[in-house]
Amino acid sequence: MKSVSVFDLLEEVHTCPHCKVRLTLCHAPPIHVGDGLGWGSEYLFICLNDECNLFASGWEHIENQYGHVGSYRYMKLPDSDESYNMMVAGKDAFTGSIVDPEQIKASNKRYRKEQEAIARLDTCVAEKNMEPLLYLLLNDHVALDVRKRAVGLLTELNDPACVEPLRNHDFKDTHLEQSVNMAISGILGANFIKECPFCAELVKVRAKICKHCQKELG
Ligand SMILES: [Zn+2]
Ligand SMILES: [Zn+2]
């Protein structure tokens, strides 16, 4: 099956043969209800019209046929002539999976930014460019192996300017947090500086008094 971008799908207009209302693009449920296989598509066009004949008359049919509560929604696979009457347990079965164009755009933008940052990992140390490293480390949606690589490069880059943004980030993964903390210790040590325990500013290891908060350092 050729892959069509979700942006193209959002432009496509398909109508329900039962009610003539435009079908809504939804994220496909993970499992094919009928046979346990995937849909072969991430997206489905579904008739979400509650007045649709198929849906309105389905309740009685399912009650009589199977003795439980449910009805049918008409659905069509993108890029295919296949369509199904899909059994649903209630009115809201698909309202949570409607494709939100704004959300798609945002995640697409995020994905592109992430790819750009990853592409720059090979050269960022030579270029003394911390920006891609911080972007990848401070975004929790980025894959863990990529972020771990970024931590290693951060140590090579050895720029104490990374300390503040990293300290301010709440790392969800404790292993990653540990390696970040180790990288910070390494960078501080290599630059002969430490964090003031009172004001958190960076001061010389040899300093007896913090130049920022004037407190006495042990
Ligand atoms: Zn319909
Ligand atoms: Zn201080």
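Here is a quick tour of this predicted model, from its domains down to a few unusual backbone angles.

Let's start with the big picture. The domain assignment splits the protein into domain 1, covering residues 6-97, and domain 2, covering residues 110-204. Their C-alpha centres sit 46 Å apart. For a pair of single residues, take glutamate 60 and alanine 200: they are 140 residues apart along the chain, and 68 Å separates their C-alpha atoms.

Now for a hairpin. Strand 3 (residues 71-76) runs antiparallel to strand 4 (residues 83-88), and six bridges link the two. One of the pairings puts serine 71 opposite valine 88 in strand 4. Six residues lie between the strands of this hairpin, and aspartate 79 there has a positive phi near 60°.

Strand 3 also helps build the largest nonpolar core. That core has 16 residues, and the members touching the most others are Phe45, Ile46, Cys47 and Met75. Strand 1 (24-27), strand 2 (43-46) and strand 3 each give two or more residues to this core. A second core, with 14 residues, lies apart from it and includes Ala117, Leu137, Ala150 and Val151. As background, nonpolar side chains in soluble globular proteins tend to be buried together.

Who does methionine 75 meet beyond its neighbours within four places in sequence? Its contacts are Leu44, Phe45, Ile46, Ser83, Tyr84 and Met86.

Next comes helix 2, residues 53-66. Its 14 residues stretch 19 Å from first C-alpha to last, close to the 20 Å expected at 1.5 Å a residue. Still, helix 2 has a kink of about 35°, centred on tryptophan 59.

Finally, some backbone angles. Most residues other than glycine have a negative phi, but here are some positive values:

| Residue | Phi | Citation |
|---|---|---|
| Glycine 67 | positive, about 70° | just after helix 2 |
| Phenylalanine 192 | positive, about 55° | not a glycine |
| Alanine 200 | positive, about 70° | not a glycine |

Phenylalanine 192 belongs to the loop between helix 8 (174-190) and strand 5. Is phenylalanine 192 buried or exposed? It counts as exposed, because it has 9 C-beta neighbours inside 10 Å and the cut-off for exposed is 12 or fewer.

Alanine 200 is in a loop too, the one between strand 5 (193-195) and strand 6 (202-204). Alanine 200 has 14 other C-beta atoms within 10 Å, so it is partly exposed: that label applies between the exposed limit of 12 or fewer and the buried limit of 20 or more.

Definitions and conventions. Residues are numbered from 1 along each chain as its sequence is written. Chains are lettered from A and ligands numbered from 1 in the order in which they are written. This is a predicted model: local features need pLDDT of at least 70, side-chain atom pairs count only at pLDDT 80 or more; totals for chains, interfaces and linings use all residues. Domain bounds come from an automatic or database domain assignment. Two strands pair if DSSP finds at least two bridges between them. Helices (H or I, at least four residues) and strands (E, at least two) are DSSP runs, numbered from the N terminus. A nonpolar core is a set of buried Ala, Val, Leu, Ile, Met, Phe, Trp, Tyr and Cys residues joined through C-beta atoms within 7 Å. Two residues are in contact if their C-beta atoms, placed from the backbone, lie within 7 Å. The expected span of a helix is 1.5 Å times one less than its number of residues. The bend at a residue is the angle between axes fitted to the seven residues ending there and the seven starting there.
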